[in-house]
Amino acid sequence: CRMILDTEFASAVNVNDVAKHLNVDRSTLYRRFKKSFGESPKQYLDRLKVEYSHQLLQTTHLPIKEIAFESGYESLQHFYLMYGKHYGHSPGEVRS
């Protein structure tokens, strides 16, 4: 499960897709993942996306909107919200 999230986080993959792929119930996947890794698959997926976007902000000159979509966010607003929750500031502040 974690390998699927690690390799597919920037695509439109979600926890339901992973559960179907592994042929397990969503709640079973959540319970087992949290027990093994200390966070839910959704929390893990969110963290992968935001940390990848942070890396892109620091190492590329891509526009923030492109970084958001490259990191798997379907909206710029959601990207700003998740980035702010994780880092405590906006993505634009990284480049200031």
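# Exercises on a predicted helical model

At 0% relative accessibility, Ser53 counts as buried, where buried means under 20% relative accessible area, exposed over 50%, and partly exposed in between (1.4 Å probe, protein chains only). The model is predicted, so that local features need pLDDT of at least 70 and side-chain atom pairs count only at pLDDT 80 or more, while totals for chains, interfaces and linings use all residues. Residues are numbered from 1 along each chain as its sequence is written, and side-chain values use heavy atoms, with hydrogens and water left out.

## Exercise 1: Ser53 and its helix

Place Ser53 in its helix, list what Ser53 touches, and check the span of that helix.

Step 1. Ser53 lies in helix 4; helices here are DSSP runs (H or I, at least four residues), as strands are (E, at least two), numbered from the N terminus.

Step 2. Not counting residues up to four places away in sequence, Ser53 touches Ile67, Ser71, Phe79 and Tyr83, contact being heavy atoms within 4.5 Å.

Step 3. The expected span of a helix is 1.5 Å times one less than its number of residues. For the 19 residues of helix 4 this gives 27 Å, which agrees with the 27 Å between its end C-alpha atoms.

Step 4. Buried residues of helix 4 include Tyr44, Leu45, Leu48, Ser53 and Leu56, and the buried residues of this helix pack against helix 1, helix 2, helix 3, helix 5 (64-70) and helix 6 (76-87).

## Exercise 2: The nonpolar cores

Which residues make up the largest nonpolar core, and which helices each supply at least two residues of this core?

Step 1. A nonpolar core is a set of buried Ala, Val, Leu, Ile, Met, Phe, Trp, Tyr and Cys residues joined through side-chain atoms within 4.5 Å.

Step 2. The largest such core has 12 residues in all: Ile4, Leu5, Phe9, Val13, Val15, Val18, Ala19, Leu29, Phe33, Tyr44, Leu45 and Leu48. At least two residues of this core come from each of helix 1 (2-8), helix 2, helix 3 and helix 4.

Step 3. A second, separate core has 10 residues, among them Leu56, Tyr73, Met82 and Tyr83.

## Exercise 3: Two loop residues

Decide whether Ala10 and Asn23 are buried, partly exposed or exposed.

Step 1. Ala10, in the loop between helix 1 and helix 2, is partly exposed, because its relative accessible area is 33%.

Step 2. Leaving aside neighbours within four places in sequence, Ala10 is in contact with Phe69, Glu70, Ser71 and Gly72. Although Ala10 and Phe69 are 59 residues apart along the chain, their C-alpha atoms are separated by 8.0 Å.

Step 3. Asn23, in the loop between helix 2 and helix 3, is exposed, because its relative accessible area is 71%.

Step 4. The phi of Asn23 is near 60 degrees, a positive value in a residue other than glycine. Most residues other than glycine have a negative phi.

## Exercise 4: Arg95

Where is the place of Arg95, and with which residues is Arg95 in contact?

Step 1. Arg95 is in the segment after helix 6, and counts as partly exposed because its relative accessibility is 34%.

Step 2. Leaving aside neighbours within four places in sequence, the contacts of Arg95 are Leu56, Leu57, Thr60, His61, Leu62, Pro63, Ile64 and Ile67.

Step 3. The C-alpha atoms of Arg95 and Thr7, 88 residues apart along the chain, are separated by 27 Å.
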